[in-house]
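Trainee: Got a minute? I'd like to go through this one with you.
Mentor: Sure. Put it up and ask away.

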Amino acid sequence: MPFLQFLLNPTRFNLFYNTFGGNSQISVATEKIFLRNFWGNHQRMTLSSSETSVDSKSCLSKLAPLQAVLFDVDGTLCDSDPLHHYAFRQMLQEIKFNGGVPITEEFFIENIAGKHNVEIASRLFPDDVQQGLKFIEDKEAMFRRLVPQQLTPINGLYKLKKWIEDRGLKRAAVTNAPRLNAELMISTLGLSDFFEAVIIGDDCEHAKPHPEPYLNALEVLKVSKDHTVIFEDSVSGIKAGVAAGIPVVGLTTRNPEHLLMEAEPTLLIKDYEDPKLWAALEELDKKGGVETAAN
């Protein structure tokens with residue numbers, strides 16, 4: 001029986017889990033086996049992204065001259081959701097959440113992915129949010145243990161990074177992740193010197209889906225929303241960008257495409273190698289290009 005099918009069955013997962021003690025001491029090698037098999041071949045059925053825009057080639061042209069690019073972190077710079085899902089699944093089962101039945105991917109998407117930790121705590125522990133926040137602190141520590149060896153960049157990220165650097169654009173990371181998580185992921189990806197600012201939801205009065213984090217980024221970089229583009233992978237993040245009045249390019253990293261489209265991104269792409277993205281960037285260059293830092 002394929003290992004993926006084995007783990008998708010809650011009873012068999014419990015057997016696997018309990019074999020390793022039901023605690024946070026599962027070896028890195030074992031974690032890699034789980035993540036590789038559980039996520040590696042797991043493809044979500046969505047609408048064709050080619051059907052999401054009538055004229056995707058010119059959708060970013062109005063931003064010319066482009067001044068800045070803003071990125072979410074989880075799921076946008078890196079494919080981190082499998083690590084979050086793994087940590088939540090293991091630790092929630094350890095405390096017998098939902099009767100000890102492992103959380104599903106659908107539960108993770110609906111209640112956890114892209115959301116601020118306070119909201120997650122309220123959803124998971126509605127009767128004791130403080131307990132929920134303490135649980136999430138412990139979960140984040142486990143996540144950070146997984147990051148150095150298992151975090152992977154979104155396909156084409158460094159190609160887009162070079163395009164941005166070659167044009168001297170301003171850039172910031174804007175995330176609901178805790179600062180320790182965000183800085184570790186950015187460092188692991190080799191992007192610490194790439195970003196001029198890192199805006200954290202915890203440092204704002206309101207986190208995403210409120211527009212405040214993105215509005216703060218505009219203020220820090222001293223750029224106009226009319227000449228800035230956002231890259232996001234979650235419904236919450238896309239809503240925040242749209243509410244800030246900034247065009248958003250959505251990525252279908254892990255979240256269902258039809259849900260992302262409901263948040264009304266300007267363009268939806270598979271990853272940073274998507275031909276639709278590069279056609280739009282080429283057209284943007286033609287329409288007026290970018291406003292470099294020197295200008």
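Trainee: Start with aspartate 203. Buried or exposed?
Mentor: Aspartate 203 is exposed, with a relative accessible area of 55%. Exposed means over 50% here, so aspartate 203 makes the cut. Keep in mind that this is a predicted model.

Trainee: Which residue does aspartate 203 form a salt bridge with?
Mentor: Arginine 179. The closest N and O atoms are 2.7 Å apart.

Trainee: Where do the two sit?
Mentor: Aspartate 203 is in the loop between strand 3 (197-200) and helix 10 (212-221). Arginine 179 belongs to helix 9 (residues 179-188). The two are 24 residues apart in sequence, so the pair ties together separate parts of the chain.

Trainee: And how does arginine 179 count for accessibility?
Mentor: As partly exposed, at 32% relative accessibility.

Trainee: Is there any network? Which residues do salt bridges with shared partners join?
Mentor: Asp72, Lys208 and Glu232 form one network.

Trainee: How many salt bridges are there in the whole structure?
Mentor: A search finds 15. One of them joins the side chains of aspartate 79 and arginine 254, at 2.7 Å from N to O.

Trainee: What does that pair tie together?
Mentor: Two loops. Aspartate 79 is in the loop between strand 1 (68-71) and helix 4 (81-94). Arginine 254 is in the loop between strand 5 (248-251) and helix 12 (257-262). The pair therefore links parts that are 175 residues apart in sequence.

Trainee: Are those two buried or exposed?
Mentor: Aspartate 79 is buried, at 18% relative accessible area. Arginine 254 is buried too, at 13%.

Trainee: What about arginine 123? Which partner does it have?
Mentor: Glutamate 119, with the closest N and O atoms 3.2 Å apart. Both residues lie in helix 6 (residues 117-124). They are 4 residues apart, about one turn of the helix. Arginine 123 is partly exposed, with a relative accessible area of 37%. Glutamate 119 also counts as partly exposed, at 29%.

Trainee: New topic: strand 4. How many of its residues are buried?
Mentor: 5 of the 5 in strand 4 (residues 228-232), so the strand is largely enclosed by the rest of the structure.

Trainee: Which way do its residues point?
Mentor: Thr228, Ile230 and Glu232 point one way. Val229 and Phe231 point the other way. All of them are buried.

Trainee: How many bridges join strand 4 to strand 1?
Mentor: 4, and the two strands run parallel. Leucine 70, for instance, has isoleucine 230 as its bridge partner in strand 4.

Trainee: And how many join strand 4 to strand 5?
Mentor: 3 bridges, and that pair is parallel as well. Glutamate 232 stands opposite glycine 250 in strand 5.

Trainee: What do strand 4, helix 11 and strand 5 make?
Mentor: A right-handed β-α-β unit. Helix 11 covers residues 235-243.

Trainee: Last one, helix packing. At what angle do helix 8 and helix 13 pack?
Mentor: About 5 degrees, with their axes 13 Å apart. Helix 8 covers residues 157-166 and helix 13 covers residues 275-287. That angle makes helix 8 roughly parallel to helix 13.

Trainee: Which residues make the contact?
Mentor: From helix 8, Lys159, Leu160 and Trp163. From helix 13, Trp278, Leu281, Leu284 and Asp285.

Terms used: Residues numbered from 1 in each chain as written. Predicted model: local features only at pLDDT ≥ 70, side-chain atom pairs only at ≥ 80, totals over all residues. Heavy atoms only, no water. Salt bridge = Lys/Arg side-chain N within 4 Å of Asp/Glu carboxyl O. Buried < 20%, exposed > 50% of the residue type's maximum accessible area, 1.4 Å probe, protein only. Pairing = 2+ DSSP bridges. Right-handed = clockwise from strand over helix to strand, strands pointing away. Axes fitted to C-alpha atoms, helices over the stretch in contact; angles between N-to-C directions. Parallel < 35°, antiparallel > 145°, perpendicular 65-115°, else oblique. Contact = heavy atoms within 4.5 Å.
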